[in-house]
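User: Please take a close look at the largest pocket of this structure. What lines it, and how is the lining made up?

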Amino acid sequence: MKNKVVIVGTGMVGMSYAYSMVNQGTCEELVLIDIDKDKAKGEAMDLNHGLNFGKRKMKIYAGDYKDCSDAYIICITAGAIQAEGETRLDLLNKNTKIMKNIIDNIKASGFNGILLIATNPVDIMTYIAAKLSGYDKHKVIGSGTTLDSSRLRYTLSEKLDVNPKNVHAYVMGEHGDSQFVAWSYALQGVQPIYQMASRKDSKITFDDLEKIEDEVKNVAYEIIKCKKSTYYGIGMALTAITKAILENENSILTVSSYLNGEYGHNDVYIAAPSVVNKDGVREVIQLPLEKEEKEKFDKSIKVMKENIEKIELQ
């Protein structure tokens, strides 16, 4: 397979992802597929005109599903967008129909690479894509809480006045309302943030942590209220996942991964720290969560399974 990425869906998320990849020189060949062929053609032309300023030579063009056959990654961003006042789970029925059609076309192409799903509700859409495609579960990945974890690190870094790259903290569970922060594994450098919050002279308190967790969980709604949808952050998060795969990084990312006994659960996709490389998810890291964290994780999985039961996949 080539160093080739196909994006299905040239809306704001798909094109933010494409633009991020062009700027970072992530792949050699980039194909844009959309039901609106003229839109895909125009977007490809626009990106090509900026290649002179990019990091590497890239082949960018509007294509069709036949172009999926030799791709390494297909990223699905197509779907209805989350409207103001609507939860990600409200999108379930709309986007299940769209996903069925896309997967049928991808399978028909003979594609045998890695599926990266960004369509919301992403954990359930990833589960649907895996079930409909029949592909190896470790080669079907959702963007999960990769963006949420980045939001968390940014917000913590602002409060602590340190570089976000030196904050190590993870949002786990659903990319949605039942997500939670695994505070017992949150670090500033090598310092546990819980330990810092317990000190009287600290820049951060337990009340701050509670407010930060709530802000990270709900900030997408604020962005949607302000500008109708979110796309830059997820575009960059998808690029990070793509680089981890194409460059065989063995990076730890909170992607939506398939659980097969991990954390005591089976047959569900959920965000948990996972090692990502050229084969997809190499392994799901099993953190010994504290009792309250484990209860939140279990609750999040229950929400996923209850909604999965409502779906007709045939």
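Analyst: What follows describes the largest pocket and its lining.

This is a predicted model, in which local features need pLDDT of at least 70, side-chain atom pairs count only at pLDDT 80 or more, and totals for chains, interfaces and linings use all residues. Residues are numbered from 1 along each chain as its sequence is written, and side-chain values use heavy atoms, with hydrogens and water left out.

The volume of the largest pocket is about 850 Å³. A pocket here is an open set of points, on a 1 Å grid over the protein atoms alone, where a 1.4 Å probe fits, with protein on both sides within 12 Å along at least five of seven lines; lining residues have an atom within 4 Å of a point. Points are joined across faces, edges and corners, and the volume is the space filled by probe spheres set on them.

In total, 29 residues line the largest pocket, and those nearest its centre are T146, S149, S150, R151 and R153. Two or more lining residues come from each of α5 (146-160), β7 (167-168), α7 (206-227), α8 (232-246) and β12 (251-253). Helices (H or I, at least four residues) and strands (E, at least two) are DSSP runs, numbered from the N terminus. With eight residues, α5 gives the most to this lining.

By type, the lining of the largest pocket has 13 nonpolar, 10 polar and six charged residues. Ala, Val, Leu, Ile, Met, Phe, Trp, Tyr, Cys and Pro count as nonpolar, Asp, Glu, Lys and Arg as charged, and the others, Gly among them, as polar.

The second largest pocket has a volume of about 500 Å³.
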